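Notebook open, coffee poured. Today I want to look up how the chains in this model meet one another.

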Amino acid sequence: MSSARLPAPAGALIDREQPVEFSFEGRRHAGFAGDTIASALMANGELVLSRSFKYHRPRGVLTGCGQDANSLVQIGDQTNVLADRRAIEAGMVVEAQNVFGGLENDYGAWLGYLARFMPVGFYYKAFYKSYSPWRLWEKLFRRLTGLGVVNPDAVHGYYDKQYLFTDVAVIGGGPAGMAAALQAAKSGCEVILVEENKTLGGALNYARFDADPKPAAKRRADLIAKIERTDNIRVLTDALCNGWFTDNWLPLFQGNRMFKLRAAAVIVATGSYEQPMVFRNNDLPGIMMGSAAQRMIRLYGVRPGKRAVVVAANGDGYGVALDLLDAGVDVACVVDPRPAAKPCERQNAVALRGVPIIHETAIAEALPASGNRGVVGARIARITGEGQLAKTVDRFACDLIAVSVGYHGTANLIHHARGKMSYDDAQAAFVIDELPAHLFAAGSVNGAYSLNAALDDGHRAGWAAAKDAGFDAGRKPASKSKDSGASPNYPWPIFAHPDGKDFVDFDEDLQTADILNAIAEGYDNIELLKRFSTVGMGPSQGRHSSLPSVRIAAKATGKTVNQTGTTTSRPPFSAETFGHLAGRSFEPVRLTAIHNRHLEAGAKLMVAGQWLRPEYYGDPATREANIRAEIMAVRKNVGIIDVSTLGGIEVHGPDAAEFLNRIYTFAYLKQPVGRARYVLMTDQSGVITDDGVACRFHDNHFYVTATTGGAAAVYQTMLFYNAQWRLDVCVINSTASYAGVNIAGPKARDVLARLCDDVALDGEALPYMGVREGHVAGIAARIIRIGFVGELGYEIHVPSSQGEALWDALMAAGEPENIKPFGIEAQRVLRLEKGHIIINQDTDGLTHPHEADMAWALARKKPYFVGMRSIAIQHANGIERKLVGFTLVEPDDPAPKECHLVIRGAEITGRVTSCAHSETLNKVIGLAYVAPDQSEIGNRFEIKIEQGRMIAAEVVALPFYDPDGKRQEL
Amino acid sequence: MPLGLLKYGFSKKHPAPRHFVAPGELKPRYDVVIIGAGGHGLATAYYLVRDYGITDIAVIEQGYIGGGNTGRNTAIIRSNYLTPDGVHFYDESVKLFRDLSQEFDYNIMYTERGHFTLAHTDAAIRTMRWRAEVNKHLGVDSELVMRDDLARLVPQLDLSDTVRYPILGALYHAPGAIARHDAVAWGYGGVASRKGVEIHQQTKVTAILQENGKLIGVETSRGTVHCNRAVQMVAGSSSLVAKLAGFKLPIRTIPLQACVSQPLKPILDAIVVSGSLHTYISQTPRGELVMGGATDPYPLYSTRSSLEFKEGLMAHMLELFPFLAEVKLLRQWAGMTDMTPDFSPIMGLTPIENYYVDSGWGTWGFKATPVVGKRMAELIATGRVPDLIKPFRLERFEEFKLVGEKGAASVGH
Amino acid sequence: MKILNCPLNGPRNISEFVYGGEVVEHPEPHISSNAEWADYVFLENNTAGVVREWWYHAPTAYWIIAERDTVADEIIRTYPASEVYGERMAYPAPPQLDES
Amino acid sequence: MSLAPQDKLSRSPIYRQLAELGAEFAEVAGMACAMGFGGGLEAEVEQAKSLAICDLSALPRAGFKGREAQSWPAAQGLVISPDNNMSLVQDDGALVARLADSEVLILSDLACESGLCAAITQAWSPDPDPGVYPVPRGHTNCWFMISGGHADALFAKLCGVDLRPHKFPLGAIAQTSMARLNGIVIRADLGRADVGGTLAYHLLTDSASAGYMWMCLLDAMAEWGGAPVGLTALREMDT
């Protein structure tokens, strides 16, 4: 095994018993179970993980915990995988992204040489000239931009979701989070503790809080043991809380599941991002956060370098130096930008180990290895002023620069929740001013950096959250720590270099000058700056660039950081896969009780709202012929159609008729029991929304039908108005309760008579539009004599559980007459022949009754119905279109398609809404909107069909078929 | 390497001039006050300067340039509308868009990608044919394409029958385009400000000053400004500003959310919209997939994001493009849209003389930016309502003469 | 996901509810002017602040009234519609009938 | 040889799915009901104690709605909870659920010894107007029972209401959205709690979507090894 691998106890997460082989960029490597891709590569001396977005500069480990874009790699179909989070698996094939000719010799690197020709926002400044238009340049740009490659044949894996509920949720399992969970749990409330990593512990897992690591290690062990012993704490590890949404609604990502957690109170204990230092070549592989170096050592047993320069502006930086020394790394020096002061305990320990500590200095420049593939040294200079360095420099050879100059709170969830934060110059950090109700913060995100301060803060937050969730949390816990509270944040870790490459945003390859130039061009509002320069818009969403860019902008515009403000941090916290968000698809599908009989009969199904309905029966190859045969069966013989999808609504009560009078346009007070009547619904603006029939079975009981898919809306509307009218009615949606069939055709009565002995079916006893209750094939049924298709016909509604039996019985009884099932298409033609409209086909979102030529369905003497006044106004204003029936002047002309236009001169005066060739009448018939002055019977108008051809049509009287209704009233 | 960039390489100091000229103090009087420095407001200022030589203009913005829906929309440009009124109007907009980069000397990254509105039901097929026929009749390039064509034009789509809502066909609008939305506002604003228009950011209008039905000025957080004429162009706040002026609008303010994926290598050229699945998607030159859906289920004056939006959107997105399951969502955001009863804007005169309104842009405001600027400028400069925007007058509601875009609207942003 | 407290069912995800618009009284349908009627049908107060609204709990087909802050997205109070609409509403017959 | 579902006029909306799973049917209240799946009674009882789903669509149920929805059923001798969204078990084992001031739902006991549904449906007459009207629950809704220790976790994958036993007491009712369908959930544990009853819930939802809901439940159950059981096992446990 390679020399960078350290002996135990270093490497808490790896299992040295389990070697794992994988490949990176075609080279095979071995690591241990528990290694991330990045740690295994570093152990094998591979420092370069990726190339930068714009200049294709080599990049390596920066944070070591998945918080930067340097570590994005591709694994098979998975793009933008975080190499410093994803554990290696045997045989895993890992490749670099956005490189041309491989990571090693990426010829995209030539872009680096053109950097000077690519100022901030350069793509706004060129590439649009007529002689070299954008559409050509864009092709090149699209090839160059973009990171991962998506495979259009990738398969959709299994993801699902689960709801979780708790009293207190703690986000973050570091010291503060663990303390908060334990404190809250004391009150007896339910606690869920969410930790992004494999184990609880947070900074306790990798940071060096004291010169002697043992006390902190014991603290960690005790806290974890305590939590494991506490029954009312549920710990979710490897679970990422990726956002805060209204009313403490938290998405947690774990494995292939997204939990949706609802918590009464939430504690944000998410810690903070260690911040980089801006200096020339600060992006080279081998330059990393101090915490990243510690993670490599403590978690993965990997030595991050051989000779290090440590930048330490706080005690933690000296902790880094100690960890490096313990790992056998030669620490060339500690660069401390602060003036010499009373040293902390860790600093003393470093000094004792003979490491030179150079105060009031910073790194002027990191010296690159060949091809920028690493660091060979650092040039150190004395700080002469804010961001200013002396000319004279010391040079230190090193292959690692570990930077610890301060932190930026991981306040994303707090931003999502619209918590208020402001910049505190003393702390040199953004601090929380105000949190929304039921939200709490603890630990370094709340400015409590030292271990003791974090634990105290955790106890306080846990107590407060439990109390807020309505539990008896007892007395407020006393704070134990006697912390100096000295800020670990160096106020100005920015040392611009005249020759640039002093990166502020690693994702977007933005240098100090780019930020300043954007401001100079007038993009001086922080949001404009972000949008124009793209600072903070890359994959790491400003984790490391927002603080320096705001500081630079503030200085350049002569404002304070608070006047400058920050850009809004929006969900998600870190990138989340579409599959997690989608979960399993829940798309309800409604099937009638007769559905399987349709399948058995070879029905071609179509989507009708939530329902599936037969479009026609038989082989798609002979579609037209099948439909024609179905039509003929109805006209000449007998056909049967499943109408179970029609809405069914019961209206009961003394005010039932008055209620219908107000809901529908027609009149119902005098409707006799045993009769059905057409219903037409309009909305308050007079637009037609639904239709059906109202069957009166009792003075106080109507059974009203609604269009397929219309029932829910009609029911909701009825209840809405009666919530105001308070009529004495009871409305019940019985759509799913009834299966319905319409048996229609000259022989319909003969067939039905064989199955029905308790209802007289002859014309006198059960006339057209008559309704009865009785039995069909022994099944209790509502029989409605109705004529949508224009033949003698009966709609039979039975309990849905018996629908299939009814269908079977009718099919059997109709065998002598060759009864034939028919589908939607046949029904459309049949009703068209009869001149009946279909709502939403022959009407649209603005059609009112006068336009649809349905004035006959308006009862004007009623005091009121919904839409009445609007319809009156529209009528008074005069209509602009009218629905008419038409036939073609030239019988041989092709049939227009639905929505072909009616044209007069250059003007569009209407459109065809329904059209078909009628076998029965042996001609093309249709419905169309035309200008009112075109709507006279006998008037001719032109329809524009395929290839812009114009054909002549003539307005004819409706219905086309059986005008005096002899057949349906047989 | 384009010549335009050489100077940057060879000059020591950053040679770019100031793009936005910083205004001085707010003056007590201007000829024209434009409320709102979004795309519409800045475009109107631009055309007032370009076409009518009017430069005594203050654009008053409570936030920052293009910070409202201009910077929050998904930058889709098309003219495949349902009504002749709509088609004429948006067609002029598309034509203007094509030349903007040249005009501004600033790249707005306008690129035609082809726009597909999917149909999953026979009813939708009818609507698509209706739109195609109206478009064709008016000389706009749209056609109804069925599955086999789709398989060729957008091979990434799942066209199988096994999905819950199989795709039957689509309205194909070849000129459908995208652009860099910010650049459009910055282009208009930059040129206008360099020609003397004052853009006052972080300035809030608190009152509309009138004298017997006539506009005389506006009260702002930075003092009173008198003017001869003013226009409100404040998507998301239209009702509130109209209330200051004393009239009501047929508008509900409803959030519209959107999101982007991490940047990816080119995977999708077309702009794909599904009305019934409330989904639309396109890929930017940066490689991000820009996605959105229907507006939120209830009115809200807030740009907060929601989880349920992403969940619903992605469930449907993966119905159309199952292979995107492993792709990652990077960022989500929201804008506040003015929704009208007929899914059409409200432009023109108001009950107050010399005070004009441009509102009700629902989810389609961006694509109208140039034509709104041009025609509202004409209205403000001449006082006459251009024919092109007459159909969108506020009085149409009192007359019950709504614009019939409802049939085409759904989520066709 | 917002929580809405249903008077019948208690706190529920707002996705169980359908927004029904602001609670507004309609003018007398026969004697109000066209403008008044159009105002009622189309125009909106669209208030930024606390508004009285109709909400429908779909699983129980139950219409309620909620007072909601449209800026803070906070639901202040919910109650049954009967608190506002307690009486049987009657409509007077139209003064003169439009026989056209 | 068990009864074939098609021998009866009334059929469960999912009888085909049940048959494919090898259900053995017997007549219950005029419909073929899945009594078992051939695994043996003991195994099915164990299954039902862990996680199981059972189709009860055959069992009698009734509903009444209207302004007199409390007074009229009470006059027929029903004992109705004083609180909405609570249910009470009657002396004869039937369950009466108060869905709202204006609506009640009546479910037969698993053994079908109660005649309450039939009786009260008989008792109703439109004249004189009773101010309460029948809701055809038997046909509007399919009826499943989900039982076992994992049942609450299963619901957490489909439903946003907290149905965990310590938050959702015996008899409690949730009228909510389940896998994007409206449904009624009633906690009705099997057997007496004091002798170690089994967590169980009634689920009533749109009968036209029964097949969809059935598939959703089976898919969500797989994680805990959930499976369908017959009515016999539930009856066995409910004594």
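**Entry 1, a salt bridge.** I started with A:K129, which forms a salt bridge with B:D105. The closest N and O atoms of that pair are 3.0 Å apart. Reminder to self: this is a predicted model, and the distance is computed from it.

How many salt bridges are there between chain A and chain B? I got a count of 11. Then I looked up polar contacts across the interface of chain A and chain B, and the rule gives 51 residue pairs, both partners at pLDDT 80 or more.

**Entry 2, who contributes on chain A.** Helix α4 of chain A, residues 134–144, gives the most to the side that touches chain B, namely seven residues. I also sorted that side of chain A by class: 51 residues are nonpolar, 31 polar and 26 charged.

**Entry 3, extent of the A and B interface.** I noted that 108 residues of chain A are in contact with 94 residues of chain B. The two chains bury about 9,200 Å² between them, and 58% of that is on carbon and sulfur atoms. Which residues of chain A lose the most area to chain B? They are A:Y124, A:R142 and A:F578, together 10% of what that side buries.

**Entry 4, strands across the interface.** Strand β29 of chain A (residues 576–577) is joined by two bridges to strand β17 of chain B (residues 328–339). The two strands run antiparallel. I looked up the partner of A:T577 in β17(B), and it is B:K328.

**Entry 5, the other pairs.** Five pairs of chains touch, and chains A and B have the most contacts among them. Chain B and chain D do not touch; I found their nearest C-alpha atoms 12 Å apart.

**Entry 6, chain D against chain C.** Here 11 residues of chain D are in contact with nine residues of chain C. The pair buries about 680 Å² between them, with 48% of it on carbon and sulfur atoms. Of the area that chain D buries against chain C, D:N85, D:Q175 and D:N182 supply 52%, more than any other three residues.

I looked for salt bridges between chain D and chain C and the count is zero. Polar contacts do turn up: four residue pairs, both at pLDDT 80 or more. On chain D, β6 (95–100) and β10 (173–178) each supply at least two residues of the side that touches chain C. β10(D) gives the most, with four residues. By class, I wrote down four nonpolar, seven polar and no charged residues for that side of chain D.

Technical notes: Residues are numbered from 1 along each chain as its sequence is written. Chains are lettered from A and ligands numbered from 1 in the order in which they are written. This is a predicted model: local features need pLDDT of at least 70, side-chain atom pairs count only at pLDDT 80 or more; totals for chains, interfaces and linings use all residues. Side-chain values use heavy atoms; hydrogens and water are left out. Contact means heavy atoms within 4.5 Å. Buried area is the accessible area (1.4 Å probe) that two parts lose on being put together, summed over both. A salt bridge is a side-chain nitrogen of Lys or Arg within 4 Å of a carboxyl oxygen of Asp or Glu. A polar contact is a pair of N or O atoms within 3.5 Å; within protein, one must be able to donate a hydrogen and the other to accept it, and residues adjacent in sequence count only if both atoms are side-chain atoms. Ala, Val, Leu, Ile, Met, Phe, Trp, Tyr, Cys and Pro count as nonpolar, Asp, Glu, Lys and Arg as charged, and the others, Gly among them, as polar. Two strands pair if DSSP finds at least two bridges between them.
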